[in-house]
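Q: I should like to learn how to read the features of this structure one by one. May we begin with the structure itself in view?

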Amino acid sequence: MKASKEKTKYGVLGAVVLLLGIIFMLPVFLIISNAFKPNKDILTNFIALPTSLYLDNFTEAMEIMNFWTVFRNTVLVTVSTVVIATLFSFFCAYGISHLKGKISTFFYMLFVLGQIIPFHTVMIAISVLATNAHLNNTLIGLVIFNSGFFTAFGVMTFVGFLKGIPRELEEAATLDGCGIWRTMMQVVFPLLVPTTVTVGVLFFLWSWNDFLLPSILNGDESLRTITVNLYMFKSSTSAQWNLFIAGLTLSMLPIVVIYILAQRYITSGLTSGAIK
Amino acid sequence: MSDLLYKKNRKFYILLILPALALYCFGLVGPLLAGTIPSSFYDWNLIEGNKDWIGFGNYVKLFSDTTFLHSLLFTMILAVFTIIGTNILAFFVAFLLNEKIFGKTVSRAMFFIPNIISGVMVAFVWIFIFTGAIPSVAESIGLESLANVSWFGTPTMATVSVIIVSVWQGTGFLMMLYLAGLQTIPQDVLEASTLDGCTGLKKIIKIQLPLLMSTVTINLFVSIAGAFKAFDIPFALTAGGPSKSTQTVALNIYNDAFGSFKTGYGSAKSVILFLIIAIVTIIQLSITRKREVEA
């Protein structure tokens, strides 16, 4: 009797919370549902659900936005940044945690201190530097600078988790004739897969959503990434709600899909990142 | 490990550090120490092409720059209201989601997704809501006064809009932190309090909230540092307007540097912003580290 009563209670409470969640997300749902309507329907009655599957907004928006080029740029930049920043962070953390004495502390503190430098305080210097180093109007520039920013967090996180791996394990591997590189990659690295996924997912989000760096570095239309491109798209379609909304839906879609696929890692990554 | 082996491997360890160190120095440390800080002592304008040493001239000028001072004030206002709004909402939602309720994963996702969408896109979603959706609904239900609100027209309303959108985006992240915190409270403590007749609101205030104080502290500092770095939402939502009333410090620096090309002056402002964020973050790190020891 009591159990079923409790079940009802959690069912009702769950429905209430779900309703609150839907209300919270309503702005996004309204954008998506309106993206399927012709412009005149959006202006007259935007709450009504779309009556038919009207896809012209998307095809037109994709063409104006140059969507596939932009999508390709963003994927290229994000994937390269994630791979480089994650791998280099791991290498560096491994070196730091194996070095002995003051030099180890020095390097560790150097990277920890990087977390107190916000991007906004170096953006002017970066734009001057990028011009001098001919890294402006390139995709590789984004990868290099973002990897540099991200390593501060990556190194700190990896060092923290490397502390938990018993040294005896590595010593045993060495005694068995396992070389230093193989010990690092085949004995230690597999144990850090959860950390690597967490760090990688965070780097992915930061790089994918980045707006300021690409807007400072790249003026070239063919080099735009998704967020910058949407910003530019808005100024060119401000009078046409339908196109703007379709473009916005398309731009939000990849990250939402990735969230649904990697929900567990994103959640744990973000929370451990703030607490660690 | 034997000393001999360590000596042999030492070079390898240092080599491992180098790639990350090179990128890190090139992208962050170098630009700060060799770029931002020295530039702040020059009267340097990229368009006019002059670059003259003026010592602390830029810093002196800062104190009488009403636009900059206002951006500091606006950043504080944004910080205070966003912190209050996000923390209350996040705690409330986390508290509900901590129960064994039906549809938990889906509900949690609803509150969290705004947090992973970029600030620019979030701002654009709300531009549509403010200028399209709200007036249209208000008109259809006869609420003329709501329909005629100009969300970006006056400094006050623009500030309110930036706050609403910032709270909407920030809530999900803090909710996750509160949820993680709530789950660390031992079940037997809660059961014992229930047996002693402590339930409902009393249980939240007397048992759960005190045990969550470390999470609350973390959340406060995360929010403060976040507010001082606010850029995307005000930039895309109001562009700092009307008449620069919703400019955050970061946005003010951006406009100086990339709107009027005042490289030297903008750098001086960057140094001030760096000092503010550095102090906040150092306090945050020292508190969270202390907590780690206790745990």
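Q: How many residues of domain 1 of chain B are in contact with residues of domain 2 of chain B?

A: The model is a predicted one. In it, 10 residues of domain 1 of chain B are in contact with 8 residues of domain 2 of chain B. On the side of domain 1 that touches domain 2, H1 and strand S1 (42-44) of chain B each supply at least two residues. By class, that side of domain 1 has 5 nonpolar, 4 polar and 1 charged residues.

Q: Where do the two domains of chain B begin and end, and what distance separates their centres?

A: Domain 1 of chain B covers 3-53, and domain 2 covers 60-294. Taken over C-alpha atoms, the centres of these two domains of chain B are separated by 32 Å.

Q: Which residues of chain B does UniProt list for a domain?

A: An unreviewed UniProt entry lists residues 72-284 of chain B as "domain: ABC transmembrane type-1". In the model, this span of chain B is 80% helix and 0% strand, and its end C-alpha atoms lie 21 Å apart.

Q: How many residues does each chain bring to the contact between chain A and chain B?

A: Chain B brings 75 residues to the contact and chain A brings 76. Helix H1 (residues 3-39) of chain B gives the most to the side of chain B that touches chain A, namely 21 residues. The residues of that side of chain B comprise 54 nonpolar, 16 polar and 5 charged.

Q: How many helices and strands does chain A have?

A: Chain A has 14 helices and 0 strands. The radius of gyration of chain A is 24 Å, well over the 19 Å that the globule rule gives for 276 residues, so chain A is more spread out than a compact globule. Along the principal axes, the C-alpha atoms of chain A fill a box of roughly 75 × 75 × 35 Å.

Q: What share of the residues of chain A counts as buried, and what share of its contacts joins residues 24 or more positions apart?

A: Of the 276 residues of chain A, 46% count as buried. Among contacts in chain A with a separation of 6 or more, 77% are between residues 24 or more positions apart.

Q: How does one read a helix, and how many residues of H9 of chain B are buried?

A: One may set its span beside the expected one, and then ask about burial. Helix H9 (residues 200-211) of chain B has 12 residues and reaches 16 Å from its first C-alpha to its last, close to the 16 Å expected at 1.5 Å a residue. H9 of chain B is hardly covered, for the count of buried residues among its 12 residues is 0.

Q: What is the sign of phi in most residues other than glycine?

A: Most residues other than glycine have a negative phi. In this structure, A:Asn66 has a positive phi, near 60°. B:Phe261 likewise is not a glycine and has a positive phi, of about 55°.

Q: Where do A:Asn66 and B:Phe261 lie?

A: A:Asn66 lies in the loop between helix H3 (56-65) and helix H4 (67-98) of chain A. B:Phe261 lies in the loop between helix H12 (249-259) and helix H13 (263-294) of chain B.

Q: How many other C-beta atoms lie within 10 Å of each of these residues, A:Asn66 and B:Phe261?

A: A residue counts as partly exposed when that number falls between 12 and 20. A:Asn66 has 15 other C-beta atoms within 10 Å, so A:Asn66 is partly exposed. B:Phe261 has 16 within 10 Å and is therefore partly exposed.

Notes:
Residues are numbered from 1 along each chain as its sequence is written. Chains are lettered from A and ligands numbered from 1 in the order in which they are written. This is a predicted model: local features need pLDDT of at least 70, side-chain atom pairs count only at pLDDT 80 or more; totals for chains, interfaces and linings use all residues. Helices (H or I, at least four residues) and strands (E, at least two) are DSSP runs, numbered from the N terminus. The radius of gyration is taken over C-alpha atoms; the globule rule is 2.2 Å times the number of residues to the power 0.38. Two residues are in contact if their C-beta atoms, placed from the backbone, lie within 7 Å. UniProt positions are given in the numbering used here, feature names are shortened, and annotations may be inferred rather than shown by experiment. Ala, Val, Leu, Ile, Met, Phe, Trp, Tyr, Cys and Pro count as nonpolar, Asp, Glu, Lys and Arg as charged, and the others, Gly among them, as polar. Domain bounds come from an automatic or database domain assignment. The expected span of a helix is 1.5 Å times one less than its number of residues.
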